[in-house]
Amino acid sequence: MVAALDPARIPLHRIYADLAHLMPLISPPAEYAAEAAHWRAVLREKLGPDRPAVLELGAGGGHNLSHLTTDVDATAVDLSEPMLAECRRLNPGVATIAGDMRTVRLGRTFDAVLIHDAISYMLTAADLAAAFATAAAHLRPQGILITSPDRYREDFRPPAVAHATHASGDRQITYFEYTHDPDPHDTTVETIMVYFIRSADGLRIEHDRHLTGVFARTTWLQLLAAAGFTVESRVYDLPDWPRPYELLVGTRR
Ligand SMILES: C[S@@+](CC[C@H](N)C(=O)[O-])C[C@H]1O[C@@H](n2cnc3c(N)ncnc32)[C@H](O)[C@@H]1O
């Protein structure tokens, strides 16, 4: 008899720690190409053809960034050293700095700040406001922030379920993720992940758990405005994306 697994006992955010080496297999950089093309188009539209200085907050393994580095000079900040190591491996020319997007201050400004899906790790409106304040603190006047909400409160219908299988060489990973909302009165949701990792050594099964934020779209817009941004929206259809994909583009006043 195997005891049921208590979700609260699954360690948090293992994919950014002891399982970080699996990230390129779970989320192959090549799959970011279509999405990154939209980020590149906004950078071009707003900043022109010159090569901008770009800061990515929560850059992770730098998968999205890997499609932009031919056009930008990039600095990557992330909480996780193992993820920054992955980022350096994929993007050798990118400067990497360990830091928290809510508090880090690098003492310089950039033409653009990018916060890709790492913005999901802002669990409260205060976290989100702090991340936007960090972005504003690192932008020259008229510099731009691009961010991409993974979900809005008004569209979120838990449970959200996803799965995929990827292979490389003799390794194959299948993952399942289940996102639910243990307390609909707060701004945090929980994702339980199960990774089936097949290699020459056989099958290994690992569990992971993530806490991320969920906010109404109006909250995003209000907090961006309060941080000093004039906000525009760019909406795209992406292959394999369940709904229109929205970039929020803030210009620092
Ligand atoms: C999904 S990964 C980012 C992947 C990235 N968008 C890419 O294209 O490779 C999320 C990242 O956010 C980072 N993160 C979470 N909270 C953070 C914080 N407060 N400050 C900085 N990074 C954070 C995690 O360490 C993780 O590397």
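**View 1. An oxygen atom of the ligand sits 3.5 Å from a polar backbone atom of Ala59.** Welcome to the ligand site of this predicted model. Take a moment to find Asp78 as well: one of its polar side-chain atoms lies 2.6 Å from an oxygen atom of the ligand. Leu79 takes part through its backbone, with a polar atom there 3.3 Å from a nitrogen atom of the ligand. How many residues surround the ligand? There are 21, and the closest are His63, Asn64, Asp78, His116 and Asp117.

**View 2. Seven strands line up in an open sheet.** Try tracing the strands across the sheet in the order β3-β2-β1-β4-β5-β11-β10. The pairing in this sheet is mixed. As a reminder, strands of a sheet pair through backbone hydrogen bonds, either parallel or antiparallel. Which strands stand at the edges? They are β3 (95-98) and β10 (229-236), and each has a single partner strand, so one side of each is left without a neighbour in the sheet. If you follow the sheet from strand to strand, neighbours are turned by 20° against each other on average, ignoring direction.

**View 3. Strands β4 and β5 run parallel.** Here you can look at one pair from the sheet: β4 covers residues 110-115, β5 covers residues 139-147, and 5 bridges join them. One bridge to look for links Ile115 to its partner in β5, Thr147. Helix α2 (residues 33-47) lies across both of these strands, and also across β1 (53-57), β10 and β11 (245-252). This helix runs at about 160° to β5.

**View 4. Helix α3 lies across β2 and β3.** The helix spans residues 81-90, and its direction is at about 180° to that of β3. At the start of α3, look for Ser80: a side-chain oxygen of this residue comes to within 3.0 Å of the backbone nitrogen of Met83. Which residues of α3 are buried? They are Met83, Leu84, Glu86 and Cys87. These residues lie on the same side of α3, because they cover an arc of only 155° around the axis. Among the elements covering them are α1 (23-26), β2 and β3.

**View 5. Helix α5 has a buried side and a face turned away from it.** In this helix (residues 217-226), the buried residues are Trp220, Leu223 and Leu224. Their arc around the axis is only 100°, which means that they sit on the same side of α5. They pack against α4 (125-137), β5, β10 and β11. On the face turned away from the buried side you will find the exposed residues Gln222 and Ala226. After the helix comes Gly228, which has a positive phi near 100°.

**View 6. His138 is found in the loop between α4 and β5.** Is His138 buried or exposed? Its relative accessibility is 1%, so this residue counts as buried. Beyond its neighbours within four places in sequence, His138 is in contact with several residues, including Leu55, Val104, Gly107 and Val113. Phe110 also belongs to these contacts. The C-alpha atoms of His138 and Phe110 are 5.9 Å apart, although the two residues are separated by 28 residues along the chain. Finally, follow the side chain of His138 to Leu106, where it reaches the backbone nitrogen at 2.9 Å.

Methods:
Residues are numbered from 1 along each chain as its sequence is written. This is a predicted model: local features need pLDDT of at least 70, side-chain atom pairs count only at pLDDT 80 or more; totals for chains, interfaces and linings use all residues. Side-chain values use heavy atoms; hydrogens and water are left out. Two strands pair if DSSP finds at least two bridges between them. Helices (H or I, at least four residues) and strands (E, at least two) are DSSP runs, numbered from the N terminus. Axes are lines fitted to C-alpha atoms, for helices over the stretch in contact, and angles run from 0 to 180 degrees between N-to-C directions. Contact means heavy atoms within 4.5 Å. Buried means under 20% relative accessible area, exposed over 50%, partly exposed in between (1.4 Å probe, protein chains only). The arc is that of the directions from the helix axis to the C-beta atoms. A polar contact is a pair of N or O atoms within 3.5 Å; within protein, one must be able to donate a hydrogen and the other to accept it, and residues adjacent in sequence count only if both atoms are side-chain atoms. A residue is near a molecule or strand if one of its heavy atoms lies within 4 Å of it.
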